[in-house]
Amino acid sequence: MSPRAQTWLVPAAVLAAFLGIWEFAADQGWLRPIQFPPPSRLADSFIDLATRGFPQGITLWTHAGITIARILAGHILAVMLAIPLGILIGSYPLLDRATSPLVAFCRSIATLSLLPLALVWFGTGEASKIFLIGYGCFWVMLSATIGAVKLVDPVLIRAARTMDTPQAEIFRRVILPAAAPRLMSGARVALGVGFMVIVGAEMIGTIRGLGSLIMEARTFYRTDITMVGMLCIGAFGLAITTAMAKLEAWLIPWQARVEGQPK
Amino acid sequence: MIEISKLSKVFANDSGAPVLGEVDLSIAPNEFVVLLGRSGCGKTTLLNLIAGLETPSGGELRVNGKKVTGPGAGKGMVFQQGALFPWLTAKANIAFAAINRGMKKDAADALALELLALVGLAAAADKYPFELSGGMQQRVAIARALALDPEILLMDEPFGALDEITRNEMQDELLRVWAQRRKTVVFVTHSIWEDLILADRVLVMAPRPGRFVLERRIDLPRPRRRSDPTLVALYDEIWSHLHGGQV
Ligand SMILES: Nc1ncnc2c1ncn2[C@@H]1O[C@H](COP(=O)(O)OP(=O)(O)O)[C@@H](O)[C@H]1O
Ligand SMILES: [Mg+2]
């Protein structure tokens with residue numbers, strides 16, 4: 001077997017075995033369907049959700065589209081705010097020392113504990129959801145940016161200074177690209193946070209989105225729908241993270257070798 | 001013209017004798033001066049002070065009669081590890097400096113290509129630093145430092161990380177470039193042969209406080225041969241200063 005085939009086949013075989021055992025256990029009555037609906041039941045629900053939809057005929061695709069749009073909106077806003085702010089904080093040790101307790105503090109507040117406040121501040125509409133996702137992503141991205149900037153090789157900045165580079169240009173043309181590889185991985189981690197926050201953010205004030213699908217299913221004791229929704233979130237999270245890694249390799253062609261690994 | 005008088009440097013977070021004592025030094029236009037000394041004797045610190053990357057703790061530092069207040073302004077620098085921007089091609093690394101001077105991109109690219117040709121790397125214009133050998137990277141770094149057409153070229157152990165054969169080639173290369181574009185060069189090294197091959201004047205440094213303990217002019221024409229008896233004699237003299245009890 002080629003190593004390439006192995007990387008795919010082995011996890012696939014493990015997954016198939018896992019599903020097989022699960023199905024068998026459910027079939028034998030060892031697992032209660034309400035707690036652990038068997039994979040065959042999940043497949044049926046998936047088709048049902050994809051074609052007829054739930055609740056009120058909202059299909060899985062509509063839910064997923066709305067959820068992804070919310071996550072991306074919150075994530076992109078957070079990243080766009082965090083990068084310039086993080087570059088500034090990371091570049092000035094005094095500013096970094098002054099703000100680091102605040103950053104650690106805000107980062108530690110569980111995002112969903114802000115849900116009641118978000119509802120008061122932004123109402124039950126889209127804004128509160130995007131705020132919650134953005135909040136979760138922002139602090140992660142901000143710490144990642146500050147860290148990335150502090151790790152920029154100071155000799156690059158010195159080199160730029162000997163070439164008459166104005167400070168604003170040093171931020172844009174030296175620190176930003178030098179920090180780019182770590183910014184990209186920070187953005188990936190932040191996106192993961194977005195996916196973790198989404199179910200909570202969609203709990204109130206909407207029946208659209210994978211998060212609300214999951215909550216709505218709970219009311220009807222539809223464990224199968226909850227699981228399909230969970231699996232969808234996981235699958236989209238995986239897909240987007242993979243796409244970001246590809247984008248990263250394309251945007252930062254020098255990175256692979258800089259870290260000392262062949263491409 | 002670089003004039004240094006009673007220049008000293010003490011780092012805030014550093015206890016003990018000053019990194020640089022009160023040193024005096026005057027460097028003529030187009031002179032090739034080499035600072036030699038073992039690790040930690042303050043060579044980089046002195047070079048950074050001249051570059052304007054560090055501020056003096058005391059004394060005076062003037063270039064062409066004007067007090068040095070910051071980097072840039074006619075002082076190009078080549079760092080030990082090249083310090084090329086890894087995200088830019090060789091050409092773009094060199095054009096970076098020219099663009100800062102307000103040059104249009106086309107003109108900056110043309111200048112970059114001209115300088116790459118000067119250092120013998122015309123074919124590598126579109127390669128990224130990671131695609132270049134250490135010696136090639138240093139050539140790009142030299143070309144980049146020349147892009148602003150500085151009057152003064154500061155070089156901090158630029159060939160220190162290269163193997164000996166490449167290092168010798170680079171020394172020839174540097175002398176060739178220097179012959180074409182006369183500059184005042186302040187070159188730091190810890191290799192005795194390197195300074196004998198390159199320098200108009202050698203200054204041997206000793207640590208804590210960083211100071212000059214030996215100064216020698218070398219008036220031999222270039223290229224020089226290592227077997228030259230004058231150089232051999234100088235080698236021994238410098239060696240004993242670096243190594244013996246006279247420091
Ligand atoms: N930023 C700094 N802060 C504190 N000490 C420093 C700093 N830079 C250099 N030194 C100290 O100054 C001395 C001379 O350093 P340096 O100029 O780099 O020497 P060289 O280049 O000759 O090896 C060393 O003892 C070093 O530890
Ligand atoms: Mg040094």
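Domain 1 and domain 2 of chain B bury about 1,200 Å² between them, 63% of it on carbon and sulfur atoms. On the domain 1 side, Met170(B), Val177(B) and Arg181(B) lose the most area to domain 2, together 37% of what that side buries. These values come from a predicted model.

The table sets out the two domains of chain B.

| Domain of chain B | Residue range | Residues in contact with the other domain |
|---|---|---|
| Domain 1 | 2-74 + 151-243 | 16 residues |
| Domain 2 | 85-149 | 13 residues |

Their C-alpha centres lie 25 Å apart.

Next, the sheet of chain B. Its 4 strands run in the order 2-1-4-5, with antiparallel pairing, and the sheet is open. Strand 2 (20-27) and strand 5 (66-67) are the edges; each has a single partner strand, so one side of each is left without a neighbour in the sheet. Strand 1 (residues 2-9) and strand 4 (residues 58-63) of chain B pair over 5 bridges. Ser8(B) stands opposite Gly58(B) of strand 4. Helix 1 (residues 43-51) of chain B lies across strands 1, 2 and 4, at about 125 degrees to strand 1.

Now the core. The largest nonpolar core has 149 residues; Ile2(B), Ile4(B), Phe32(B), Phe85(B), Phe187(B) and Ile238(B) touch the most other members. Helix 8 (residues 167-201) of chain A gives the largest share, 16 residues. Domain 1 and domain 2 of chain B each supply at least three residues.

What does Ile4(B) touch, not counting residues up to four places away in sequence? Its contacts are Val23(B), Asp24(B), Leu25(B), Leu46(B), Ile50(B), Glu60(B) and Leu61(B).

Technical notes:
Residues are numbered from 1 along each chain as its sequence is written. Chains are lettered from A and ligands numbered from 1 in the order in which they are written. This is a predicted model: local features need pLDDT of at least 70, side-chain atom pairs count only at pLDDT 80 or more; totals for chains, interfaces and linings use all residues. Side-chain values use heavy atoms; hydrogens and water are left out. A nonpolar core is a set of buried Ala, Val, Leu, Ile, Met, Phe, Trp, Tyr and Cys residues joined through side-chain atoms within 4.5 Å. Buried means under 20% relative accessible area, exposed over 50%, partly exposed in between (1.4 Å probe, protein chains only). Helices (H or I, at least four residues) and strands (E, at least two) are DSSP runs, numbered from the N terminus. Domain bounds come from an automatic or database domain assignment. Contact means heavy atoms within 4.5 Å. Two strands pair if DSSP finds at least two bridges between them. Axes are lines fitted to C-alpha atoms, for helices over the stretch in contact, and angles run from 0 to 180 degrees between N-to-C directions. Buried area is the accessible area (1.4 Å probe) that two parts lose on being put together, summed over both.
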